[in-house]
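These are my notebook entries from a session spent going through one structure. I kept them in the order in which I looked things up.

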Amino acid sequence: MSKVFMPAQPDELWGILDENPEAVVYAGGTDLLVRLRSRFTKPDCLVCLERLDDLKGVKADDDDIFIGALTTHREMLNDPIIQKDLHILTHALKQLGSPPIRNMGTLGGNIVTASPAGDTLAPLYILNAQLEIGSRNSTRRAPIESFILGPGKVDLAHGEILSRVVVRKVPKFEVHHYEKVGKRNALACSVVSMATLMNVSSNNLISNIRLAWGSVGPTVLRFGDIEHFLVGKPLTVEGLSEAINMIQELVKPIDDIRATACYRREVAGRLLLRLLKYSV
Ligand SMILES: Cc1cc2nc3c(=O)[nH]c(=O)nc-3n(C[C@H](O)[C@H](O)[C@H](O)COP(=O)(O)OP(=O)(O)OC[C@H]3O[C@@H](n4cnc5c(N)ncnc54)[C@H](O)[C@@H]3O)c2cc1C
């Protein structure tokens with residue numbers, strides 16, 4: 001039986017972590033408690049973060065949007081700042097789990113779980129999200145792509161927690177697109193996902209684009225060369241076809257119970273064709 005602490009103040013949290021070097025923190029518990037039940041992990045000491053109000057909510061200043069790590073998926077979906085400026089996240093959150101999972105699961109938990117199928121991750125990669133990591137005496141910032149090291153692996157030491165996510169407000173993108181291919185329409189883990197931010201000029205040329213794929217590698221994948229290649233190309237089947245081939249060569253999918261690597265490779269490229277609906 002694990003000891004469970006529920007600190008309500010940061011000092012209380014740091015004290016518990018100092019005294020319990022094996023302690024494992026959790027937020028909504030929708031990942032961790034499932035793993036405990038399946039006996040994949042059996043910590044002696046659990047620390048529930050849910051009473052730490054400083055880690056909750058969405059704020060903005062002139063330049064940045066700040067999302068507390070303990071903000072639930074439901075709270076983000078209902079937040080006016082996210083609704084106004086971060087549609088890419090709302091598209092992804094609407095497809096994450098089910099209402100009970102969105103009520104309990106948090107942004108921080110989705111990031112630290114570091115599943116290549118985590119639905120908020122591809123959007124956060126193309127938003128160039130920075131993560132704030134707090135400890136007793138300091139706060140450091142890291143880009144999401146250097147924080148996530150592989151499936152279930154993140155750059156987080158004992159005594160550190162993910163405290164908030166920071167997203168720059170510029171540049172602005174007209175198109176925010178998130179597409180998840182799963183084995184069914186609801187409550188499905190993604191087999192492939194693609195997040196896109198894009199601007200298209202009045203003569204139907206791509207003027208700016210960011211792309212990231214989930215579930216086709218050990219972490220979310222983003223290819224600067226493909227983004228660069230697509231700028232200035234017409235948003236047509238012909239304009240996208242070479243990039244589709246490039247994506248299919250670059251992704252690194254595996255076979256697993258949900259899909260074959262071959263299927264994932266094919267779909268990862270072809271998801272680009274979904275962007276044709278934004279043609280002008
Ligand atoms: C039925 C079901 C369906 C699901 N469907 C989806 C889905 O469609 N898409 C998807 O992406 N996910 C899905 N999930 C997974 C899960 O709900 C999400 O990843 C959720 O965002 C996890 O958040 P949490 O707060 O519950 O994490 P927790 O379970 O509390 O924690 C997860 C991990 O993060 C760590 N952690 C949590 N918060 C912090 C923090 N602030 N600082 C440091 N470490 C922290 C914990 O130690 C743990 O290792 C599903 C889960 C279930 C049970």
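**Strand pairings**

I began with S12 and S13, which run antiparallel and are joined by eight bridges. As one register point I noted that serine 193 has glycine 214 in S13 as its bridge partner. I should record here that the model is a predicted one.

I then followed the sheet outwards and found an open sheet of three strands in the order S11-S12-S13, with antiparallel pairing. S11 and S13 each have a single partner strand and stand at the edges, so one side of each is left without a neighbour in the sheet. From one strand to the next the twist averages 15°. Looking at what packs here, I saw that helix H5, residues 87–94, lies across S11 and S12 and runs at about 20° to S11.

Next I turned to strand S4 (residues 58–60) and strand S5 (residues 64–68), which pair in the antiparallel sense over three bridges and form a hairpin with three residues between them. In this pair alanine 60 stands opposite isoleucine 65 in S5. S5 is also joined to S10, by five bridges and again antiparallel, and there I noted phenylalanine 66 opposite valine 166 in S10.

**Overall form**

I counted back to the whole chain, which has 12 helices and 13 strands. Its radius of gyration is 19 Å, close to the 19 Å that the globule rule gives for 280 residues, so the chain is as compact as a globular protein of that length. Along the principal axes the C-alpha atoms fill a box of roughly 60 × 45 × 30 Å. Buried residues make up 38% of the 280 residues, and of the contacts with a separation of 6 or more, 61% are between residues 24 or more positions apart.

**Around the ligand**

Which residues come nearest to the ligand? Of the 30 residues around the ligand, I listed Gly28, Gly105, Gly109, Asn110 and Val112 as the nearest. The elements that give two or more residues to this shell are strand S2 (24–26), helix H2 (32–37), helix H6 (99–104), helix H7 (107–113) and strand S10 (161–168); H7 gives the most, with five residues. Sorted by class, the shell has 17 nonpolar, 11 polar and two charged residues.

**Helix H12**

In helix H12, residues 261–270, I found Arg264, Val267, Ala268 and Gly269 buried. What covers the buried residues of H12 includes strand S11 (175–181), strand S12 (192–200), strand S13 (206–214) and helix H11 (237–250), which brought me back to the strands of the open sheet.

**Backbone exceptions**

I closed with the backbone, bearing in mind that most residues other than glycine have a negative phi, and that most peptide bonds are trans. Valine 170 and proline 171 are joined by a cis peptide bond with omega about -5°, and proline 171 has its place in the loop between S10 and S11.

Alanine 114 has a positive phi, near 55°, and sits in the loop between H7 and helix H8 (121–126). Is alanine 114 buried or exposed? I counted it as buried, because 21 other C-beta atoms lie within 10 Å and the cut-off for burial is 20 or more.

Asparagine 204 likewise has a positive phi, about 65°, although it is not a glycine, and lies in the loop between S12 and S13. With 14 other C-beta atoms within 10 Å, asparagine 204 is partly exposed.

Key
Residues are numbered from 1 along each chain as its sequence is written. This is a predicted model: local features need pLDDT of at least 70, side-chain atom pairs count only at pLDDT 80 or more; totals for chains, interfaces and linings use all residues. Helices (H or I, at least four residues) and strands (E, at least two) are DSSP runs, numbered from the N terminus. The radius of gyration is taken over C-alpha atoms; the globule rule is 2.2 Å times the number of residues to the power 0.38. A residue is buried if 20 or more other C-beta atoms lie within 10 Å of its own, exposed if 12 or fewer, and partly exposed in between; C-beta atoms are placed from the backbone. Two residues are in contact if their C-beta atoms, placed from the backbone, lie within 7 Å. A residue is near a molecule or strand if its C-beta atom, placed from the backbone, lies within 6 Å of it. Ala, Val, Leu, Ile, Met, Phe, Trp, Tyr, Cys and Pro count as nonpolar, Asp, Glu, Lys and Arg as charged, and the others, Gly among them, as polar. Two strands pair if DSSP finds at least two bridges between them. Axes are lines fitted to C-alpha atoms, for helices over the stretch in contact, and angles run from 0 to 180 degrees between N-to-C directions.
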